[in-house]
Structures are given as C-alpha cells and as structure tokens.
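Hi,

Here's the structure I said I'd pass on to you. Have a look at it first, then read on for what turned up.

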Amino acid sequence: MPRQLRPVELEFVETAPVRLVFAQQMSAPPERVFHALNDDVPGWAEWFAAVTRAESVDDGAGRDIRLKGGGWFRETVIAAKEAEVYAYRVDRTNAPGARAIAEEWRLLPSDGGTRVRWTFAVDGTAPFRFAVRVARAGLGRAFRGAVTELDRRLWR
C-alpha cells in the first residue's frame with residue numbers, strides 16, 4: 001500500500017532519528033562519480049545490486065526506484081551539486097512504518113579519487129526505526145558492493 005511520507009530537506013540527513021553512515025574510497029574522480037549518480041539514473045540498476053529498475057521522472061527532479069523484494073520509492077532530488085553532493089528524499093513508498101527518508105551521497109576528493117560517504121536517514125514508527133538499525137550490516141554491504149561495482153564501471 002502506498003504511503004505518502006513527510007517532505008524533508010537536506011538538513012534532515014543530519015537530524016534524523018536514525019542515521020546510518022557508510023564510507024568507501026573510489027579511484028574515480030568526484031566529477032565522474034557525480035555524473036553516474038545524477039545523469040545516469042537508469043544505470044543505477046546496473047551497479048547497485050538491490051536496485052532492479054531506476055527511472056528519472058519530472059525532468060530529472062525525481063526518481064522512481066524499484067528494489068529486489070518488491071520495495072519501491074518515488075523520490076525527489078533535494079541536492080545536486082556537481083562533484084560534491086547528490087541527495088534525495090522519499091515522497092512515496094510501500095515500506096510500512098516509514099514517515100520520512102532521505103539519502104545523501106557526499107563526494108570528497110581523496111588520494112586522487114573520491115571518498116564516498118552515504119548517509120541513510122529515516123524517521124518512522126518504533127518498529128520501522130528498529131528494523132532499519134537491524135538492517136545496518138546489510139545496508140553497509142549493499143553500499144560497499146555498489147560503490148565497488150560503480151568504480152569498476154567508471155574505469156571501463
């Protein structure tokens with residue numbers, strides 16, 4: 001059943017009740033990483049294993065994301081600053097108990113490549129917040145796998 005979430009802005013990434021933060025080094029420069037995140041939304045399904053389909057909507061202002069297992073998100077891009085940050089909030093989802101979700105991909109120049117920091121920020125019912133905390137290890141593995149695969153693709 002679709003749920004309309006509370007609209008949040010970029011500061012939510014710092015103030016959310018649950019924040020999961022992961023980081024990984026890439027050899028690709030920040031500009032290339034940013035373009036993969038922002039300009040090739042359908043490409044996410046090729047390098048992020050949890051994503052089965054990704055589509056840019058509303059002339060690039062939003063995204064439709066489908067996940068393995070049947071989850072889905074309608075998102076609005078809330079920050080897209082070249083070579084620095086790409087962030088979006090979830091407006092609608094089928095995730096039970098979610099009230100607000102935002103994700104930020106922060107790109108930091110590092111050792112000739114990019115240090116990618118991904119923050120997954122959420123608010124929701126107590127069971128939803130608990131489930132997200134329990135999923136931390138799996139989300140971390142998904143992030144690391146996605147960044148590793150994206151880095152491979154950017155150097156082909």
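**A loop and who it meets**

Let's begin with Ala95, which sits in the loop connecting strand 6 and strand 7. Before going further, do keep in mind that this is a predicted model. Is Ala95 buried or exposed? Its relative accessibility is 17%, and since buried means under 20%, Ala95 counts as buried. If you skip the neighbours within four places in sequence, Ala95 is in contact with Arg3 and Phe128. Phe128 is a nice one to find on screen: 33 residues separate it from Ala95 along the sequence, yet their C-alpha atoms are 8.7 Å apart in space.

**Strand 8 and its partners**

Next, find strand 8, which covers residues 113–124. How many of its twelve residues are buried? Ten of them are, so this strand is mostly covered.

Strand 8 pairs with strand 2 (residues 18–26) in the antiparallel sense, over nine bridges. If you want a spot to zoom in on, Val21 is opposite Thr119 of strand 8. Strand 8 also pairs with strand 7 (residues 98–110), again antiparallel, and here there are twelve bridges. For this pairing, try Ile101, which faces Val122 in strand 8.

Strands 7 and 8 make a hairpin, with two residues between them. Look at Asp111 in that turn: its phi is positive, at about 50°.

**A buried arginine**

Now go to Arg89, in strand 6 (residues 85–93). Arg89 has a relative accessible area of 13%, so it falls in the buried class. Which residue does its side chain meet in a salt bridge? That would be Glu9, with 3.1 Å from N to O. Why is this pair worth a look? Arg89 belongs to strand 6, while Glu9 is in the loop between strand 1 (3–4) and helix 1 (12–15), so the salt bridge ties together parts that are 80 residues apart in sequence. The two ends sit in unlike surroundings: Arg89 is buried, whereas Glu9, at 40% relative accessibility, is partly exposed.

Arg89 has other company too. Leaving out the neighbours within four places in sequence, its contacts include Pro7, Val8, Arg74, Glu75 and Ile78. Ile101, the residue facing Val122, is also in contact with Arg89.

**More salt bridges**

How many salt bridges does a search of the whole structure find? There are 14. Here are a few to click on:

- Glu55 and Arg53 form one, and their closest N and O atoms are 2.8 Å apart. Glu55 is partly exposed at 36%, and Arg53 is partly exposed at 35%.
- Arg153 and Glu149 form another through their side chains, at 3.1 Å from N to O. Both are in helix 5 (residues 136–154), and because they are four residues apart there, about one helical turn separates them. Arg153 is partly exposed, with a relative accessible area of 29%, but Glu149 is buried at 18%.

That last pair also belongs to a network of salt bridges, which links Glu46, Glu149, Arg152 and Arg153.

Shout if you can't find any of these on screen.

Cheers

How values were computed: Residues numbered from 1 in each chain as written. Predicted model: local features only at pLDDT ≥ 70, side-chain atom pairs only at ≥ 80, totals over all residues. Heavy atoms only, no water. Buried < 20%, exposed > 50% of the residue type's maximum accessible area, 1.4 Å probe, protein only. Pairing = 2+ DSSP bridges. Contact = heavy atoms within 4.5 Å. Salt bridge = Lys/Arg side-chain N within 4 Å of Asp/Glu carboxyl O.
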